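User: Here's one I'd like to go through residue by residue, in plain terms. Can you take my questions one at a time?

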Amino acid sequence: MRSFLQVFGQSVERRAVVPGALVSVGTALVVGVALGSLVPERTAAAYAVNGLLFVGLIAGGAVAAAKARDNHLLSAILTSGPVMVLAVVVQLIRRFGSGETVAPLGLPLVMLLAASLATLGGVLAGIVRQRRRSLLDPEESRRSRKR
């Protein structure tokens, strides 16, 4: 099995994307689907569920960005892909299974929000990663000499 994925001409490591996607999807399944279906809408508990979903998507992006050697943000963004597929499946089940009305802009907004939160996680992981970097990092000194 190859350890790299080619996305938009860039190499992205599977070992970075898969754990981040598992965190994001696991949070979406447990918190979003399981707890979200038990909580009535527009209550304090519903807002807490949304907050936990947001934290899970941010954490998934952060995990992917922290594990990636290169293309940190792209790795973080890719963790939101499985959550987007899960959102489509849930919307289809709601629409055709129970006959609920589904807002036409609901799905595109969920997809944009998922990608944005995963990107935020990648940015936060990048900030933490820069602070932990040594001043004597050999990779960094090679890059600065080439410029």
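User: Which helix does glycine 122 lie in?
Analyst: Helices here are DSSP runs of H or I with at least four residues, strands are runs of E with at least two, and both are numbered from the N terminus. This is a predicted model, where local features need pLDDT of at least 70 and side-chain atom pairs count only at pLDDT 80 or more, while totals for chains, interfaces and linings use all residues. Residues are numbered from 1 along each chain as its sequence is written, and side-chain values use heavy atoms, with hydrogens and water left out. On that footing, glycine 122 sits in helix α5.

User: Is glycine 122 buried or exposed?
Analyst: Buried means under 20% relative accessible area, exposed means over 50%, and partly exposed is in between, using a 1.4 Å probe and protein chains only. Glycine 122 comes out at 4% relative accessibility, so the label is buried.

User: How far apart in space are glycine 122 and alanine 65, C-alpha to C-alpha?
Analyst: Along the sequence, glycine 122 and alanine 65 are 57 residues apart. Alanine 65 is one of the buried residues of α2. In space, the C-alpha distance from glycine 122 to alanine 65 is 5.0 Å.

User: What pattern does the protein chain follow along the sequence?
Analyst: There are 6 helices and 2 strands in the protein chain. Of its 147 residues, 26% count as buried. Read in order, the elements go β-β-α-α-α-α-α-α.

User: Which residue stands opposite phenylalanine 4?
Analyst: Two strands pair if DSSP finds at least two bridges between them. β1 (residues 4–7) and β2 (residues 10–13) have 4 bridges and run antiparallel. Their hairpin has 2 residues between the strands, and phenylalanine 8 takes a positive phi near 55 degrees there. Across from phenylalanine 4, in β2, is glutamate 13.

User: How far apart are the end C-alpha atoms of helix α2?
Analyst: The expected span of a helix is 1.5 Å times one less than its number of residues. For the 24 residues of α2 (residues 44–67) that gives 34 Å, and the model agrees, because the end C-alpha atoms are separated by 35 Å.

User: Which element gives the largest share of the largest nonpolar core?
Analyst: A nonpolar core is a set of buried Ala, Val, Leu, Ile, Met, Phe, Trp, Tyr and Cys residues joined through side-chain atoms within 4.5 Å. The largest one has 11 residues, including Ala28, Val49, Leu86 and Leu117. Two or more of its residues come from each of α1, α2, α4 and α5. The largest share, 4 residues, comes from α2.

User: Roughly how much space lies in the largest pocket?
Analyst: On a 1 Å grid over the protein atoms alone, a pocket is an open set of points where a 1.4 Å probe fits, with protein on both sides within 12 Å along at least five of seven lines, and lining residues have an atom within 4 Å of a point. Points are joined across faces, edges and corners, and the volume is the space filled by probe spheres set on them. For the largest pocket, that is about 1200 Å³.

User: Which element gives the most to the lining of the largest pocket?
Analyst: Of 30 lining residues, Gly32, Asn50, Leu53, Arg94 and Val110 are the closest to the pocket's centre. The elements giving two or more residues are α1 (14–38), α2, α4 (81–97) and α5 (106–132). With 7 residues, the top contributor is α2.

User: How many residues of that lining are charged?
Analyst: Ala, Val, Leu, Ile, Met, Phe, Trp, Tyr, Cys and Pro count as nonpolar, Asp, Glu, Lys and Arg as charged, and the others, Gly among them, as polar. The lining has 20 nonpolar and 6 polar residues, and the charged ones number 4.

User: What separates the C-alpha atoms of asparagine 50 and glycine 32?
Analyst: Asparagine 50 belongs to helix α2 and is partly exposed, given its 35% relative accessibility. Glycine 32 is 18 residues away along the chain, and the C-alpha separation is 7.6 Å.

User: Where is arginine 42, whose phi is positive?
Analyst: Arginine 42 isn't a glycine, yet its phi is near 55 degrees. It's exposed, because its relative accessible area is 74%. Its place is the loop between α1 and α2.
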